[in-house]
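Trainee: Could we go through this one together? I'd like to begin with the charges.

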Amino acid sequence: MNLTLKVWRQKNDKTKGQFVTIEAKGIADDMSFLEMLDIVNDDLTRKGEDPIYFDHDCREGICGMCSLVINGRPHGPKQGTTTCQLHMRSFHDGQTIVIEPWRAAAFPVLKDLAVDRTAFDRIQQAGGYVNVNTGGVPDANTIAIPKRIADEAFESATCIGCGACVAACKNASAMLFVSAKVSQFALLPQGQTERYERAQAMVDQMDEEGFGNCTNTGACEAECPVGIKLTNIARLNREYLTAKVFREEDIHG
């Protein structure tokens, strides 16, 4: 395939960026989207031009690094698919593809398509941990947890922290990400010690980072590559409200 790419080029978060048209020629339909960018970068390098900067790591849909908005959709046109797992057979010969970074004040552009997502790290550091000593590795059936609860906790824990929810939200809200990280602890016995202060600390950090408010449009769930559900946001709201209304000793006393 021969494709026309309109790629966002920007030196850093202090400079203005713009779309630049780049031709991608001889692209095989079994290539991944990132492999296509590798081919384009090889061509740019041979010409003595600056290659396109973009994030990637595992290229297996696990790490969440491949943060690209493709034709207006985070991670591209396929639902439940990360950019690195998106293949060029999803496009057609002669097509124009617009590629840009996540758009959020809390995700400043580092260069071109790469953004700084350390805001997510600071949110997790604010409360995404368990202090209780859980001892050694127990047998699977040592702590009796209903399967429905265990499944919900596991599904929440599958969040890869890619930021697609932020990029999809008109308010650049991080509520789906934060709620998933809160839920994976709040649902299990080991996470009860800091349950309510965790919700408050992580939400407060989210607000401090400059993410927008959630207005329940559902775009985050629709574009999440691993299918994190909106019900997590409802749980986070309950956890946060409880933490604000009651003190810890009143809740557990």
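Trainee: How far apart are the mean positions of the positive and negative charges?

Mentor: In this predicted model, the mean positions of the 27 positive and 34 negative charges are 4 Å apart. Lys and Arg count as positive and Asp and Glu as negative, with His and the chain ends not counted, and each charge is placed at NZ of Lys, CZ of Arg, CG of Asp or CD of Glu.

Trainee: Anything I should know about the numbering and the filters?

Mentor: Residues are numbered from 1 along each chain as its sequence is written. Local features need pLDDT of at least 70 and side-chain atom pairs count only at pLDDT 80 or more, while totals for chains, interfaces and linings use all residues, and side-chain values use heavy atoms, with hydrogens and water left out.

Trainee: Staying with charge, which side chain of opposite charge is nearest to aspartate 55?

Mentor: That is arginine 117, 4.0 Å away, yet aspartate 55 has no salt bridge although it is buried. A salt bridge here needs a side-chain nitrogen of Lys or Arg within 4 Å of a carboxyl oxygen of Asp or Glu, and buried means under 20% relative accessible area with a 1.4 Å probe and protein chains only, against over 50% for exposed and partly exposed in between.

Trainee: And where is aspartate 55?

Mentor: Aspartate 55 lies in the loop between α1 (33-46) and β3 (69-70), where helices (H or I, at least four residues) and strands (E, at least two) are DSSP runs numbered from the N terminus. Beyond its neighbours within four places in sequence, its contacts (heavy atoms within 4.5 Å) include Met65, Cys66 and Arg117.

Trainee: Switching to backbone, what is the phi of aspartate 112?

Mentor: Aspartate 112 has a positive phi of about 55 degrees although it is not a glycine. Most residues other than glycine have a negative phi. Aspartate 112 sits in the loop between β6 (109-111) and β7 (114-115), and it is buried, with a relative accessible area of 2%.

Trainee: Now the core: how many residues does the largest nonpolar one have?

Mentor: The largest nonpolar core has 35 residues, with Phe107, Phe120 and Val178 among those with the most contacts inside it; such a core is a set of buried Ala, Val, Leu, Ile, Met, Phe, Trp, Tyr and Cys residues joined through side-chain atoms within 4.5 Å. Its largest share, 7 residues, comes from α5.

Trainee: What does valine 178 touch?

Mentor: Leaving aside neighbours within four places in sequence, valine 178 is in contact with Ile123, Met202, Met206 and Leu236.
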